[in-house]
Amino acid sequence: MGEKMSPEEKYQLISRNLQEVLGEEKMKEILKERELKIYWGTATTGKPHVAYFVPMSKIADFLKAGCEVTVLFADLHAYLDNMKAPWELLELRTRYYENLIKAMLESINVPLEKLRFIQGTDFQLSREYTLDVYRLSSVVTQHDVKKAGAEVVKQVEHPLLSGLLYPGLQALDEEYLKVDAQFGGIDQRKIFTFAEKCLPALGYTKRIHLMNPMVPGLTGTKMSSSEEESKIDLLDGKDDVKKKLKKAFCEPGNVENNGVLSFIKHVLFPLKAEFVVLRDEKWGGNKTYTDYAELEKDFAEQVVHPGDLKSSIEVALNKLLDPIREKFNTPEMKQLTSAAYPEPSKQKPAVKEPSKNSNPEDAEPSRLDLRVGKVIAVGKHPDADSLYVETIDVGEAQPRTVVSGLVQYVSAEQLQDRMVVLLCNLKPQKMRGVESQAMLLCASTAGENRQVEPLDPPEGSAPGDRVFVEGYESGKPDEELKPKKKVFEKLQAEFKISGDFQAQWRQKNFMTKLGNVTCKTLNGANIS
């Protein structure tokens, strides 16, 4: 199809719905001479979700415009970004991504023979590439790479060196894949401008950069692999799709941060050139839109109801997902999925007679949602002199309010900006009129001269990092611990600080991916 288009028509198709293009004139010049060579990379971390249809629909545009397109499965990047993909799972996750991305492209009728698929470690471990990484490290500063990765690489107070390598490798990929342009989301902009600056410093050509807007998730924020409610998984069943769409943010008349409308604009319209709103006859019957702006206008004026919009997108989305579900419904694909993303294994309790009031399941420390938090504000409770009211970042969109009885033991200055360990799935409860949304875990001694000290996460921890008991890292926490079951109380009875200041349960260490949770001075203390 690209052969019949003029260079200007190709440019219009390549750039439609993009938020920004860096290097427009250069792209227009290339299109007058030959086809454009573009690459899109994806780090093989969490399971791809429906927002991946946004870059897929743009890849369809690139191919229609005659472009040569490379898809990079960035497995090494997945490991370098705070070890989001463990080394031993990289190969499995790359295979999962390759099968899923190809199934997505087939579901929107993209001819796979026109695409080149490549794995990062196929060329990023070569002698030449490695030498260029060292060369690059001699011409860029730590400040440059931290700034470049700010929107993409997980940000922590003490970043691992691996995360600082990430932007440089992404820049070098442009040279080693021999492309004219790199395509990505607008969140990649700082990495793209970093690449434009550092590649010429190595004697390589500055590339063109094409950026998609970030499509809001179903909650109205960025759709994320790590936020279950914000995304629809590509293998979700029809019931799950219906349930998640029902919860989706789609306020009547509100077109800002509306994930439902954004999906129609950036995926369904480019693919189908129309969208049908399904309605009961008494509300005017079905209406076919061939212009997105008209649909947005009708929604803004409340001519189209959110319920009708959601039920219509549900039908369209399931049509896209059906062939993907079918492909992954084979024994081979099911085995690959479970191997690449192992289900949290349930520890089998020892076989013994349960007592009348106990449940063997209660002894699972993996049922506790333990996380690292950062105290961002601390003050006295307005109605209780012995209580602090703390505002703590636990890696969520909003910080949590936590009430704790630490006034006699820890100063407000010691708590301010401190990294702590929190239990986040207790039922919120009011403490003298202020609702506490988590429990701050501390080591404490008994007796007249009681001492209390908050637990210390390992250095380099970030708010939201998961805390687990050694050997129970794969279990899934309860959404909310039921007070009557007393799960925490039963487990907490065996929480202890060891002789060498390690926080433990049954002599197994509390840990994060960066190391053990500790206590500075109170060895032998209880934890509460």
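Biologist: What makes Arg16, Asn17, Val54, Ser57, Lys58, Asp61, Asn212, His266 and Pro270 the lining of the second largest cavity?

Modeller: In this predicted model, a residue counts as lining when it has an atom within 4 Å of a point of the cavity, and Arg16, Asn17, Val54, Ser57, Lys58, Asp61, Asn212, His266 and Pro270 line this one. The space inside comes to about 50 Å³, and because a cavity is a set of points where a 1.4 Å probe fits but cannot get out, this space is called a cavity and not a pocket. With a cut-off of 30 Å³ or more, the protein has two cavities.

Biologist: Which helix gives the most to the lining of the second largest cavity?

Modeller: Helix H3 does, with four residues, and both H3 (53-64) and helix H11 (259-272) supply at least two.

Biologist: How many residues of this lining are nonpolar, polar and charged?

Modeller: Two are nonpolar, four polar and three charged; since Val and Pro count as nonpolar and Arg, Lys and Asp as charged, Val54 and Pro270 belong to the nonpolar class, while Arg16, Lys58 and Asp61 belong to the charged one.

Biologist: What is known about the second largest pocket, and which residues lie nearest its centre?

Modeller: The second largest pocket has a volume of about 610 Å³ and is lined by 29 residues, with Leu426, Gln429, Met431, Ala438 and Met439 nearest the centre. Two or more lining residues come from each of strands E11 (400-404), E13 (429-431), E15 (439-440) and E16 (442-444) and from helix H16 (487-492). H16 gives the most, with four, and by class the lining holds 16 nonpolar, eight polar and five charged residues.

Biologist: Why is the protein called as compact as a globular protein of its length?

Modeller: The chain forms 16 helices and 23 strands. Its radius of gyration is 26 Å, and the globule rule gives 24 Å for 528 residues, so the two are close and the protein is as compact as a globular protein of that length. Of the 528 residues, 51% count as buried, that is, they have under 20% relative accessible area.

Biologist: How do you know which part of the model calls for caution?

Modeller: The mean pLDDT is 86, and 91% of the residues reach 70 or more, but over residues 346-361 the pLDDT stays under 50, and the model has nine contacts for them beyond four places in sequence. Where pLDDT is low, the predicted coordinates should not be read in detail.

Terms used
Residues are numbered from 1 along each chain as its sequence is written. This is a predicted model: local features need pLDDT of at least 70, side-chain atom pairs count only at pLDDT 80 or more; totals for chains, interfaces and linings use all residues. Side-chain values use heavy atoms; hydrogens and water are left out. pLDDT is the predictor's confidence in each residue, from 0 to 100. Contact means heavy atoms within 4.5 Å. On a 1 Å grid over the protein atoms alone, a cavity is a set of points where a 1.4 Å probe fits but cannot get out, and a pocket is an open set with protein on both sides within 12 Å along at least five of seven lines; lining residues have an atom within 4 Å of a point. Grid points are joined across faces, edges and corners, and a volume is the space filled by probe spheres set on the points. The radius of gyration is taken over C-alpha atoms; the globule rule is 2.2 Å times the number of residues to the power 0.38. Buried means under 20% relative accessible area, exposed over 50%, partly exposed in between (1.4 Å probe, protein chains only).
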